[in-house]
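This report describes selected local features of one protein model with its bound ligands. The sequence and structure come first, and the notes follow.

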Amino acid sequence: MKTKIGLLYGGKSAEHDVSMQTAMAVIKALDLEKFEIHPIYISTSGEWIKGQQLMGPVTNVKELAFSNTDRLPQAALAPALFQASEQGGPLDVIFPLLHGPNGEDGTVQGLLELMNLPYVGNGVLASSAGMDKVIMKNVFAQAGLPQVKYTWFIRSEWENAKDDAYNKVENELGYPCFVKPANLGSSVGISKCTNRSELERAFKEAFQFDRKIIIEEGVTAREIETGVMGNDYPECSVAGEIVPKKEFYDYKAKYEDGNTALIIPAEITETEYNELKEMAIKAFKALDCSGLVRADFFLTREGKWYINEINTMPGFTPFSMFPLLWKHTGVDYPQLIEKLVNLAKERHAEKQ
Ligand code: ATP
Ligand code: MG
Ligand code: MG
Ligand code: MG
């Protein structure tokens, strides 16, 4: 019997468009002999729209969903969408191909938990803790993982005492520093600052995306990433290096310019790779991750590692780092999807 997969894509976050690209790629890669695909699109305003079961190749995922009338204004009604058909039972597994808040952050995962449906990727705790860079870094600090210095503010603290906030950053971190919304991804809202006026602009920018921001000491280092996959016995892929042609790996460099080089496998020593692997697994376990994670690190010229972050739903097109890392490790894109679906089922079965 075919596995009935509900593909959840789009979403309310600033990473909506990235999710659209991913959904298209996953739909193309899934073997229709093995899987029955049920697309469920979430619009930027949060409307849930279920498309027809896919019977053949598609060219446009957005059209696919909009051609359908099965629309629900809010997530609270979403359970109705998780039926394979009106008469049929529930879908076998949900694949939330969503990045950022309201998707990668535990909210959708919580809904799926309550519905007792298996789903691909991280659970509620890892998703929410991994989405908030401050919480994530606090957990990593407790686990003894090396990190750059950081500080954080909520909007009201800043609004009430802006100069105090800037002074604190200058005294504790200095320049260059990176200002980021606490809960986002794809480099949206992130700025590198080298002076006070840039810092002021960066705070304003980041607070447009979140009520909480994090500021980090800027390091000059290579950016090395690895993929972790598994549940109780996570495994690491080979390492990859990102070489942005710009100041840093910003949104444009990630999705628009296409001239950022991904070097896989990264040219690091065996000792460095072993250190990386140990830290990545430690991070995966510290946040109680399951399914998949892309762990991002900095490696300085002196050979010192810092963990930057983990992503609980990393970019997932065939040209994204996570799938490419696994391809070089011997797991191609269709196999990767199947593996993740199996891990979802395995975790669900263990909970019962
Ligand atoms: P994604 O989820 O897409 O990986 P993100 O939005 O979570 O990205 P980060 O990975 O934290 O953002 O940062 C984006 C990029 O900014 C990094 O890949 C790196 O190029 C640069 N960067 C971030 N923090 C620092 C830092 N402390 N020092 C130097 N460079 C940094
Ligand atoms: Mg991230
Ligand atoms: Mg991300
Ligand atoms: Mg990153």
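## Metal site

The magnesium ion (ligand 2) takes its protein donors from Glu309, through OE listed twice, and from Asn311 through OD1, at 2.1 to 2.4 Å. The model is a predicted one. A second magnesium ion (ligand 3) lies 3.2 Å from ligand 2, and Asn311 coordinates both ions.

Are the coordinating residues Glu309 and Asn311 buried or exposed? Glu309 has a relative accessibility of 11% and therefore counts as buried, the cut-off being under 20%. Asn311 is also buried, because its relative accessibility is 12%.

## Ligand 1 and its surroundings

The shell around ligand 1 consists of 22 residues, and the closest are Lys133, Lys180, Ser187, Glu223 and Asn311. Asn311 is thus named both in this group and as a residue that coordinates the two magnesium ions. By residue class, the shell divides into nine charged, seven nonpolar and six polar residues.

Several polar contacts can be listed atom by atom. The side chain of Lys133 places an N or O atom 2.5 Å from an oxygen atom of ligand 1. Glu223 has a polar side-chain atom 2.5 Å from an oxygen atom of the ligand. At Val219 the backbone is involved: one of its polar atoms is 3.0 Å from a nitrogen atom of ligand 1. The protein buries 95% of the 620 Å² that ligand 1 exposes when taken alone. Two or more shell residues come from each of the strands β7 (177-181), β9 (212-217), β13 (291-299) and β14 (305-311).

## Helix α4 and the loop after it

Which residues of helix α4 (residues 124-131) are buried? They are Ala126, Ser127, Ala129, Gly130 and Met131. Their cover includes the helices α3 (107-114) and α5 (133-142), together with β14.

Asp132 is in the loop between α4 and α5. With a relative accessible area of 10%, Asp132 is buried. Its side chain forms a polar contact of 2.8 Å with the side chain of Lys212. Leaving out residues up to four places away in sequence, Asp132 touches Ala182, Asn183 and Lys212.

## Cis peptide bonds and Gly218

Most peptide bonds are trans, and most residues other than glycine have a negative phi. Two bonds in this model are cis: the one from Tyr175 to Pro176, with omega near -5°, and the one from Ile264 to Pro265, also with omega near -5°. Pro176 belongs to the loop between α7 (162-172) and β7. Pro265 belongs to the loop between β12 (261-263) and α10 (270-286).

Pro176 is also a contact of Gly218, which touches Pro176, Cys177 and Phe178 when residues up to four places away in sequence are not counted. Gly218 is located in the loop between β9 and β10 (222-230). Between Gly218 and His99 the sequence separation is 119 residues, and the C-alpha to C-alpha distance is 25 Å.

## Positive phi angles

Asn102 is not a glycine, yet has a positive phi of about 65°. Asn102 sits in the loop between β5 (93-97) and α3. Its relative accessible area is 36%, so Asn102 is classed as partly exposed.

Ser187, another residue other than glycine, has a positive phi near 65°. The loop between β7 and β8 (191-193) contains Ser187. Ser187 counts as buried, because its relative accessibility is 9%. Ser187 is also one of the closest residues to ligand 1.

## A buried lysine

Where is Lys50 found? Lys50 is part of strand β3 (residues 48-50). Its relative accessible area is 8%, which means that Lys50 is buried. What does the side chain of Lys50 reach? The side chain of Lys50 reaches the backbone oxygen of Gln83, at a distance of 2.4 Å.

Key: Residues are numbered from 1 along each chain as its sequence is written. Chains are lettered from A and ligands numbered from 1 in the order in which they are written. This is a predicted model: local features need pLDDT of at least 70, side-chain atom pairs count only at pLDDT 80 or more; totals for chains, interfaces and linings use all residues. Side-chain values use heavy atoms; hydrogens and water are left out. Donors are N, O and S atoms within 2.8 Å of the metal (3.2 Å for Na, K and Ca); water is not among the atoms, so sites may look incomplete. Buried means under 20% relative accessible area, exposed over 50%, partly exposed in between (1.4 Å probe, protein chains only). A residue is near a molecule or strand if one of its heavy atoms lies within 4 Å of it. A polar contact is a pair of N or O atoms within 3.5 Å; within protein, one must be able to donate a hydrogen and the other to accept it, and residues adjacent in sequence count only if both atoms are side-chain atoms. Accessible areas come from the Shrake-Rupley method with a 1.4 Å probe; for residues, only the protein chains shown count as cover. Helices (H or I, at least four residues) and strands (E, at least two) are DSSP runs, numbered from the N terminus. Ala, Val, Leu, Ile, Met, Phe, Trp, Tyr, Cys and Pro count as nonpolar, Asp, Glu, Lys and Arg as charged, and the others, Gly among them, as polar. Contact means heavy atoms within 4.5 Å.
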